[in-house]
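Visitor: Could you walk me through this structure, one question at a time? I would like to see the reasoning behind each answer.

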Amino acid sequence: MLKKASLFILAAGLGMMSCSKDPISDLSTEETLVYITNHDKAANYTQYKTFSIVDSVLVVENGQAGTALTELDRDVLIRIVSNMEKLGYKYVSPKSKPDVGINASWITNTYLNVVSQPLSSYYGGYWGGGGGYGYGYPSYYQYYQTSESYWLISMLDFKNPNTVDKTFKVVWDAQIRGAGIGDRQYVDRMVDSIFGQSEYLKIN
Amino acid sequence: MGALQAHAQEEAPKLYTLPSAYERYTHYLATARLMGAMPLGSFADNYIDKSSFQNYSISLEWVFRNSPISVGGELGSYYFEKRIPRALYDGADETISAVQTRTISQIPIEVFGNYHFLGKNATVQPYVQVSGGVSILDYTLYYGNLASQDQKVKPKYGVGLGSKFLFKRDGSLGVDVRVKYNGVSYKHEYIDKGISSVNGSIGLFYRWW
């Protein structure tokens with residue numbers, strides 16, 4: 001009797017663990033968007049007057065890069081320009097030595113995940129596995145791919161280049177992640193948000 | 001001679017005054033509970049203050065004969081969740097704007113001891129309970145649809161006050177009502193002083209021997 005009872009508890013316990021919840025299934029696309037901004041606290045933004053922006057979006061996929069200019073990309077670049085102008089910066093051509101440059105990149109990382117054959121020999125009792133027989137799965141593994149994309153927008157300081165390392169310092173950057181990042185309808189909201197939460201950029 | 005006398009004194013068994021089997025034997029008692037739980041203390045202040053009704057447990061106990069004590073094991077499933085509308089979170093260098101979904105799920109595994117104030121056949125059987133064990137817990141904090149997760153096994157304890165109500169005297173089925181304080185020692189991000197909560201449960205029990 002005791003043995004039966006403990007089996008019952010065990011079975012119920014496994015049942016409880018297996019009912020996993022998805023607490024974010026009710027989020028709207030807009031609600032999944034996450035805006036992350038970083039900035040150089042030592043930077044004095046008022047020293048910058050002019051800016052320029054890349055003419056296409058850098059697409060980085062698993063470390064390999066190319067450029068693209070889809071309608072979505074164009075929308076993003078145009079919205080960045082209008083936000084920068086609103087903050088008081090003057091838009092100039094890349095040739096006329098802007099104080100800061102804006103890069104926009106679409107970054108995708110693909111991960112390969114592995115799962116071992118998920119069937120425990122204790123699932124299902126159809127073949128009468130009670131006699132101590134389980135299923136003899138060979139140790140096969142299954143693979144599946146997941147990929148994650150995000151926007152990365154950075155501001156480079158062209159005015160104070162590091163002449164020793166030959167680098168331009170990133171004085172501000174923003175990541176946009178979430179479900180709606182590839183959808184043109186969210187572009188204005190996304191770009192306005194990353195600048196909106198970075199009030200220190202304002203110079204006018 | 002003495003044996004003969006004893007035999008002579010023996011009467012026909014009084015079936016209806018015989019103590020119940022539940023009094024004569026150590027027996028088993030299984031309870032399934034549904035719980036409402038309310039976060040308390042700094043866990044409520046800093047992480048989730050929303051009560052939850054997605055909590056369950058099952059327990060099995062041994063009720064000792066000639067003793068007001070029973071001991072057993074309880075296995076549960078607790079879940080707390082809170083959604084926070086879009087807000088800005090300032091870190092050391094970064095600022096995050098996101099809709100937060102805060103969750104804690106726990107599978108507590110405990111042993112407990114009950115002290116019963118009245119007999120095993122009273123229709124109302126109030127008891128006090130102390131319990132201790134571990135909680136297999138999962139802290140998942142979502143920023144939008146990005147998750148930051150922490151999974152740990154941590155010690156937990158509880159003290160409770162409850163009562164069993166038998167549907168009929170000497171019966172094997174009844175209702176169990178319990179109020180219990182639970183404390184889990186855990187520290188991560190928003191949770192700095194453990195997870196404390198009080199839960200009220202209603203359960204159904206079955207006893208047998």
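Guide: Happily! One definition before we begin: two residues are in contact if their C-beta atoms, placed from the backbone, lie within 7 Å. Please also keep in mind that this is a predicted model.

Visitor: Thanks! Which residues does A:Ile80 touch, not counting residues up to four places away in sequence?

Guide: A:Ile80 is listed with A:Val34, A:Tyr35, A:Ile176, A:Met190, A:Val191 and A:Ile194 as having the most contacts inside the largest nonpolar core, a set of 38 residues. Leaving out residues up to four places away in sequence, A:Ile80 touches A:Ile53, A:Ile102, A:Ala104, A:Ile153 and A:Val191.

Visitor: Which element gives the most to this core?

Guide: The elements that give two or more residues to the core come from both chains. Chain A supplies S1, H3, S6, S7, S8 and H4, while chain B supplies S4 and S5. With five residues, the one that gives the most is H4(A).

Visitor: How many residues does the second, separate core have?

Guide: Among the members of this second core are B:Met35, B:Phe43, B:Leu137 and B:Val184. It is separate from the core just described, and its residue count is 14.

Visitor: Now to the place where the chains meet. Which element gives the most to the side of chain A that touches chain B?

Guide: The contact takes 24 residues from chain A and 25 residues from chain B. On the chain A side, 14 residues are nonpolar, seven polar and three charged. Helix H1 (2-18), helix H2 (29-32) and S1 each give two or more residues to that side. The one that gives the most, with six residues, is H1(A).

Visitor: What is the bridge partner of A:Asn38 in S4(B)?

Guide: S1(A) and S4(B) run antiparallel and are joined by four bridges. In S4(B), the residue paired with A:Asn38 is B:Glu94.

Visitor: Does B:Arg102 count as buried or exposed?

Guide: B:Arg102 is in strand S4 of chain B. Leaving out residues up to four places away in sequence, B:Arg102 touches B:Tyr47, B:Ile48, B:Glu81, B:Lys82, B:Ile84 and B:Leu141. The cut-off for burial is 20 or more other C-beta atoms within 10 Å. B:Arg102 has 21 C-beta neighbours inside that distance, so it counts as buried.

Visitor: What distance separates the C-alpha atoms of B:Arg102 and B:Ala147?

Guide: Along the chain, B:Arg102 and B:Ala147 are 45 residues apart. In space, the separation of their C-alpha atoms is 9.7 Å.

Visitor: Which residue of S8(B) stands opposite B:Met35?

Guide: Strand S8 of chain B runs antiparallel to strand S1 of chain B, with 13 bridges joining them. S8(B) is also joined to strand S7 of chain B by twelve bridges, again antiparallel, and there B:Gly183 stands opposite B:Ser196. For B:Met35, the residue opposite in S8(B) is B:Ser201.

Visitor: Finally, is chain B compact or spread out, and what is its radius of gyration?

Guide: Chain B has three helices and eight strands, and its C-alpha atoms fill a box of roughly 95 × 30 × 25 Å along the principal axes. Of its 209 residues, 33% count as buried. The globule rule gives 17 Å for 209 residues, and the value for chain B is well over that, so the chain is more spread out than a compact globule. Its radius of gyration is 24 Å.

Note on methods
Residues are numbered from 1 along each chain as its sequence is written. Chains are lettered from A and ligands numbered from 1 in the order in which they are written. This is a predicted model: local features need pLDDT of at least 70, side-chain atom pairs count only at pLDDT 80 or more; totals for chains, interfaces and linings use all residues. A nonpolar core is a set of buried Ala, Val, Leu, Ile, Met, Phe, Trp, Tyr and Cys residues joined through C-beta atoms within 7 Å. A residue is buried if 20 or more other C-beta atoms lie within 10 Å of its own, exposed if 12 or fewer, and partly exposed in between; C-beta atoms are placed from the backbone. Ala, Val, Leu, Ile, Met, Phe, Trp, Tyr, Cys and Pro count as nonpolar, Asp, Glu, Lys and Arg as charged, and the others, Gly among them, as polar. Two strands pair if DSSP finds at least two bridges between them. The radius of gyration is taken over C-alpha atoms; the globule rule is 2.2 Å times the number of residues to the power 0.38.
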